[in-house]
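Here is a walk through some local features of one protein chain and its ligand. Keep the viewer open and click along as you read.

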Amino acid sequence: MKYTALANYIQGTYAPVSPRSKDVTSPVNGELLTTVPLADESELQTAVESAKQVFPGWSDLTLRQRCDVFYRYRNLLQDNLEELSRVCHEENGKTIAESEAEVLKAIELTELACSLPNLVAGESLEVSPGFDCSIQQAPLGVVACITPFNFPIMVPHWTIPMALALGNTMVFKPSEQVPISGTRIAELLTEAGLPDGVFNVVHGDKHTVEAICDHPDIEALTFVGSTPVAKSVYARATSTYKRALAMGGAKNHLIVMPDADVEHTAANVAASACGCAGQRCMAAATMVAVGDVNHVVDKVVEQSKALVPGQNLGAVISEEAKTRIEGYITEAVEQGATLLLDGRDTTVEGCENGSYVGPTVLDNVTPDMNIASAEVFGPVLSIIRTDNLNGAVQLENASPYGNAAVVYTQDGQVAREFADRASAGMIGVNVGVPVPREPFGFGGWNESRFGVGDITGRGSIQFWTQSKKITSHWIE
Ligand code: NAD
């Protein structure tokens with residue numbers, strides 16, 4: 001085993017070993033990395049008590065004092081960039097370059113938290129002679145953060161720096177498939193000076209998540225994962241009156257108009273579909289080819305061929321995921337799709353026990369095929385043909401999801417019309433992965449998000465606080 005067995009991280013130290021645990025293997029080469037505990041209710045209880053106990057002291061600090069921790073933490077992320085990227089690569093399977101990009105995004109998210117004193121400076125107004133009204137943002141208490149496997153470092157940072165800097169204390173449950181990065185986050189926060197108990201890691205699975213949803217002392221939670229789980233977590237958490245925001249899956253449509261710049265569009269579509277082995281909620285799933293864009297399709301295939309598994313294309317998370325993805329490809333071919341590039345049965349020399357799927361392009365996919373609506377979550381691009389922008393918009397609108405929607409065109413009117421009519425929270429114009437940079441918030445629509453608002457950016461300030469309005473009158 002490459003690393004020592006993981007333990008829950010509670011009150012600034014490692015907790016005794018849990019009765020249940022699970023092996024963590026690397027999708028890169030199948031190597032056993034570590035084991036992860038699967039916490040039960042009593043272990044969660046210890047973590048919640050720890051977070052509850054330190055909440056008064058942490059929330060009593062000024063915002064500037066709390067942000068001091070995150071200035072130091074930001075620099076620790078930078079100092080440990082290489083090691084964090086290696087761990088992320090090993091446990092998730094994405095390339096080292098993609099892992100580094102993830103850590104850099106975590107730094108950007110931490111910097112937003114560092115700027116909170118500028119963002120939340122209060123308002124005050126004399127509303128009647130001698131009467132002043134002012135408003136303050138107060139933290140909620142103990143909160144929770146539950147994350148998926150596909151971004152072991154970035155997605156936790158959508159929540160952790162803002163929620164903590166705003167004065168909350170936290171229980172964090174990383175994905176049991178990628179638990180090592182989450183543990184390193186806790187260690188670095190302690191090293192940055194975060195008081196013990198403010199941030200606690202409880203590893204686990206479905207049962208741990210259900211216990212978090214049910215816990216009466218957890219005031220709010222964010223969840224990021226697949227739509228079926230997001231739905232059930234949102235329903236369960238809000239049934240115990242928690243504030244909840246649950247981000248779900250996606251099926252993003254990239255519309256290619258006949259006037260699109262060929263080289264840029266092809267490279268961009270291929271990178272969107274295959275980056276992080278297609279395991280991004282912002283990945284291209286469907287390219288909607290409008291009119292005669294065969295020249296772009298040919299180039300997309302050419303660009304996709306340049307992505308080599310084990311070199312500039314990482315592994316998918318597990319053998320189970322590989323089998324699922326290959327099943328979708330086979331089924332689509334059986335249903336009549338044209339296979340322009342086949343990524344099935346891929347092995348990487350020297351990493352024969354790794355889980356790799358090569359870039360795959362399927363043409364002539366029709367809306368009735370399963371692959372047109374299912375979230376494949378692998379390096380697979382489906383091409384659906386349509387005659388005009390209206391047809392493309394209808395295809396995009398018909399998806400139950402609503403994370404990203406993209407148009408490639410050189411016509412401003414077309415871009416504007418598409419942006420207006422697409423049913424998605426994040427729109428790209430000639431940008432294949434339109435993740436908003438901070439402070440613009442990240443958040444989809446429809447079945448890609450349950451709850452109100454964005455998970456990052458200014459919207460997250462509202463989510464992690466409650467406003468207190470003070471009306472004062474001093475008698476002379
Ligand atoms: P997942 O839903 O399987 O797991 C997410 C978390 O939920 C994990 O911590 C896991 O332990 C827990 N979990 C799993 N099954 C559960 C259950 N039945 N009940 C309660 N908790 C459960 O997701 P994943 O496979 O880890 O991640 C990939 C998914 O996440 C994709 O669907 C992707 O689109 C989505 N995602 C969405 C966003 C977004 O912002 N919309 C961002 C990243 C990933």
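## Aromatic pairs

First, the rule for counting: two rings of Phe, Tyr or Trp (for Trp, the six-membered ring) make a pair if their centres lie within 6.5 Å, and planes over 60 degrees apart make the pair edge-to-face. By that rule there are six aromatic pairs here. One of them is F149 with F377, an edge-to-face pair with 5.9 Å between the centres and 85° between the planes. This pair ties together distant parts of the chain, since its two members are 228 residues apart. F149 belongs to the loop between β7 (142-146) and α6 (154-165), while F377 belongs to the loop between α13 (370-373) and β16 (380-386). Both F149 and F377 are buried. Bear in mind that this is a predicted model.

Another edge-to-face pair is F463 with W464, where the centres are 4.8 Å apart and the planes meet at 90°. Are these two rings buried or exposed? F463 has a relative accessible area of 8%, so F463 is buried. W464 is at 1% relative accessibility, so W464 counts as buried as well.

There is also a charge over a ring to look at: K94 lies over the face of F151, at 3.7 Å from the ring centre.

## Around the ligand

Now turn to the ligand. There are 26 residues around the ligand, and those that come nearest are T147, E176, S226, G248 and E375. S226 also makes a polar approach: an N or O atom in its side chain is 2.7 Å from an oxygen atom of the ligand. K173 does something similar, with a side-chain N or O atom 3.0 Å from a ligand oxygen. G225 uses its backbone instead, and a polar atom there is 3.2 Å from an oxygen atom of the ligand.

How much of the ligand's accessible area does the protein cover? On its own the ligand has 850 Å² of accessible area, and the protein covers 87% of that.

## N252 and its backbone partners

N252 is worth a stop. You'll find N252 in strand β12 (residues 252-256). Its relative accessibility is 2%, so N252 counts as buried.

What does the side chain of N252 reach? One partner is the backbone oxygen of A283, at 2.9 Å. The backbone oxygen of C281 is another, lying 2.8 Å from a polar atom of the N252 side chain. Leaving out residues up to four places away in sequence, N252 touches C281, M282, A283, A284, A285 and T286, along with N403 and A404.

## E187 and H215

E187 sits in helix α7 (residues 179-191). With a relative accessible area of 26%, E187 is partly exposed. Which residues does E187 touch, if you skip those up to four places away in sequence? They are Y9 and Y14. E187 and G12 are 175 residues apart in sequence, yet their C-alpha atoms are 8.1 Å apart in space.

H215 is in the loop between α8 (206-214) and β10 (220-224). At 8% relative accessibility, H215 counts as buried. Once residues up to four places away in sequence are set aside, H215 touches L44, Q45 and V48, and also K242.

## Backbone oddities

Finally, a few backbone details. The peptide bond joining E438 and P439 is cis, with omega at about 15°. P439 lies in the loop between β18 (426-429) and β19 (449-450). N430 is in the loop between β18 and β19 too, and its phi is near 60°, a positive value in a residue other than glycine. N430 is partly exposed, at a relative accessible area of 26%.

C276 also has a positive phi without being glycine, and here the value is near 55°. The loop between α10 (262-274) and β13 (284-290) is where C276 is placed. Is C276 buried or exposed? C276 counts as buried, because its relative accessibility is 6%.

Definitions and conventions
Residues are numbered from 1 along each chain as its sequence is written. This is a predicted model: local features need pLDDT of at least 70, side-chain atom pairs count only at pLDDT 80 or more; totals for chains, interfaces and linings use all residues. Side-chain values use heavy atoms; hydrogens and water are left out. Rings of Phe, Tyr and Trp (its six-membered ring) pair if their centres lie within 6.5 Å; planes under 30 degrees apart count as stacked, over 60 as edge-to-face and the rest as tilted. Helices (H or I, at least four residues) and strands (E, at least two) are DSSP runs, numbered from the N terminus. Buried means under 20% relative accessible area, exposed over 50%, partly exposed in between (1.4 Å probe, protein chains only). A charge sits over a ring if NZ of Lys or CZ of Arg is within 6 Å of the ring centre and within 35 degrees of the ring normal. A polar contact is a pair of N or O atoms within 3.5 Å; within protein, one must be able to donate a hydrogen and the other to accept it, and residues adjacent in sequence count only if both atoms are side-chain atoms. Contact means heavy atoms within 4.5 Å. A residue is near a molecule or strand if one of its heavy atoms lies within 4 Å of it. Accessible areas come from the Shrake-Rupley method with a 1.4 Å probe; for residues, only the protein chains shown count as cover.
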